[in-house]
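Biologist: I am new to this model. Please pick one part, look at it closely, and then show me how it sits in the rest of the chain.

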Amino acid sequence: MHPACLYDYRALAQKRLPSFLFGYLDGGSFGELTMRDNEAAWARHRLRQFVLRDVSKLEVSGSLLGRAASLPLALAPVGLAGLMRRRGEVQAARAAEAFGVPFCMSTVGLCSIEEVRAATREPFWFQLYLLRDRGIVKELLARARAAQCSALVFTVDLARLGIRYSDIRGGVNAPPTLKSQLTRVLDVLKHPRWLADVAIGGQPLVFGNLTQYVPAARNPEHFKAWVDSQFDPSASWKDIEWLRTQWDGPILLKGILEPDDARMAASVGAQGIVVSNHGGRQLDGAQASADALPRIAEAVAGKLTVLVDGGVRYGNDLIKARALGADGVMLGRPWAWALAARGEQGVREVLGMVDNELRNSLGLMGHTSLNDLTRDSLLSPVARD
Ligand code: FNR
């Protein structure tokens, strides 16, 4: 198949990845209501079309946190990307750099901050969770600073890890039994391209940023168990004030769904927020991010950079995000599908598709710049509070 849209990479990824891994990538929490609603919420908005307005020259580039970007889009942090493709974080970071958008590296990548730094020229963003051990947080921040990471994306919607049925079924979090190990081996053997590229060719399969803290860990699942035990449910706004003293670059708080929390983010000194429900992987039943966006953007207009993620699957979704008040979007699963399917080139192709779709629709709407978009550019459903 020659992929025509972002979903085509999902189908390719499903073929290539062992099923436990595709389940980890694709799943959400509980009944996946929020995950599905993320996509549906973008689809509920309609685009207004104006004709005969010279749209021969289009402008879709801009800046994110003060740096030029060829699209107002960043690759969202996706843990274990290095299991999707050999040294996956490096491949994705290179694709983002070639395209001219920021790559945000997850705390729980297989490649370390230093490995990604050595493979790229442009600064990337670093995502961090609040770990119980603040000493480790400080050390990770020092490494991100040394690697010249240009923004810290601090994820705040993971006080507890969401319950994802696909991970339970795939045995991702459970201690291995003889039966589950056998099932895993068969699963992997059925995917020889992945076996050769990642399981054999992509070693070492350890969490590059955390190796010194979990020396006994032998595989990504051991690391994951350690990280899960490190999520700090006692985290509060005071910790963000502390974080502010530890990092002098821009901080984006990721996982905001309420205007009051967005205002708090501004008052504790963050530069931005990501309106996000973690791609429907945390609180199932939480509001779709596209639905949460307008009131949040209104509450902090001019004070914070506002990004949004969750269910962005078409260039049109970026148009809708801008019209609803976001400065830009983050793309999650689609870049990881593309990475699994076709590596660095796949991620570049996906970015190219978003760009192409965006230009196509912008012109057909009768606009020449993303800056022309306002709430009035959409026909939107009545907001539900
Ligand atoms: C994530 N996400 C995530 N977020 C984060 O802050 N740190 C992380 O390590 C991860 N890991 C992760 C793994 C996988 C497999 C997925 C799918 C997602 C959430 C991610 O950054 C983003 O918020 C969502 O993926 C956006 O939704 P879509 O685009 O996937 O619908």
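Modeller: Start with a term: two residues are in contact if their C-beta atoms, placed from the backbone, lie within 7 Å. Keep in mind that this is a predicted model. The part I pick is strand E10, residues 305–309.

First, the setting. The chain holds 15 helices and twelve strands. Eight of the strands form an open sheet, and its pairing is parallel. The order is E4-E11-E10-E9-E8-E7-E6-E5, which puts E10 between E11 and E9. Strand E4 (73–75) and strand E5 (104–105) stand at the edges. Each of these two has a single partner strand, so one side of each lacks a neighbour in the sheet. As for what holds such a sheet together, strands pair through backbone hydrogen bonds, either parallel or antiparallel.

Now take the E9 side. Four bridges join E10 to strand E9 (residues 272–275), and the two strands run parallel. Two facing pairs show the register. Glycine 272 stands opposite threonine 305 in E10. Isoleucine 273 stands opposite valine 306.

Then the E11 side. E10 and E11 pair over three bridges, again in the parallel sense. Here aspartate 309 has methionine 330 of E11 as its bridge partner. E11 in turn pairs with the edge strand E4, also parallel and over three bridges. In that pairing, leucine 73 stands opposite valine 329.

How covered is E10? Five of its five residues are buried, so the strand is largely enclosed by the rest of the structure. Both faces are covered. Thr305, Leu307 and Asp309 lie on one side, and Val306 and Val308 on the other. The neighbouring strand E11 (residues 328–331) follows a like pattern: Gly328 and Met330 point one way, Val329 and Leu331 point the other way, and all are buried.

Zoom in on one residue of E10, valine 308. The cut-off for buried is 20 or more other C-beta atoms within 10 Å. Valine 308 has 31 C-beta neighbours inside 10 Å, so it counts as buried. Its contacts, leaving aside neighbours within four places in sequence, are Val274, Val275, Ser276, Ser289, Leu293, Ala321, Ala326 and Val329. Val274 and Val275 belong to E9, while Val329 belongs to E11. One more distance helps. Isoleucine 256 is 52 residues from valine 308 along the chain, yet their C-alpha atoms are separated by 9.2 Å.

For contrast, look at leucine 12 in helix H1 (residues 6–16). Leucine 12 has 17 other C-beta atoms within 10 Å, so it is partly exposed. With neighbours within four places left aside, leucine 12 is in contact with Pro3 and Ala341. Arginine 117 is 105 residues from leucine 12 in sequence and 29 Å away in space, C-alpha to C-alpha.

Helices show a contrast too. H4 (residues 88–99) and H8 (residues 178–189) each have twelve residues. At 1.5 Å a residue, H4 should span 16 Å, and its end C-alpha atoms are 17 Å apart, which agrees. H8 gives the same expected 16 Å and the same 17 Å between its ends. Their cover is another matter. Ten of the twelve residues of H4 are buried. In H8, the count of buried residues is zero. What covers the buried residues of H4 includes both edge strands, E4 and E5, along with helix H5 (113–119) and helix H15 (333–365). Just after H4, glycine 100 takes a positive phi of about 95°.

There is also a ligand. Of the 23 residues around the ligand, Ala76, Gly79, Ser106, Gly279 and Gly332 come nearest. The shell divides into eight nonpolar, eleven polar and four charged residues.

Last, step back to the whole chain. Buried residues make up 48% of its 385 residues. Its C-alpha trace spans about 65 × 50 × 40 Å along the principal axes. For 385 residues, a compact globule would have a radius of gyration near 21 Å; the chain has 20 Å, which agrees. Among contacts between residues at least 6 apart in sequence, 72% join residues at least 24 apart. Within that whole, E10 is a strand with two parallel partners in the sheet and cover on both faces.

How values were computed
Residues numbered from 1 in each chain as written. Predicted model: local features only at pLDDT ≥ 70, side-chain atom pairs only at ≥ 80, totals over all residues. Expected span 1.5 Å × (residues − 1). Near = placed C-beta within 6 Å. Nonpolar A, V, L, I, M, F, W, Y, C, P; charged D, E, K, R; others polar. Rg over C-alpha atoms; globule rule 2.2 N^0.38 Å. Pairing = 2+ DSSP bridges.
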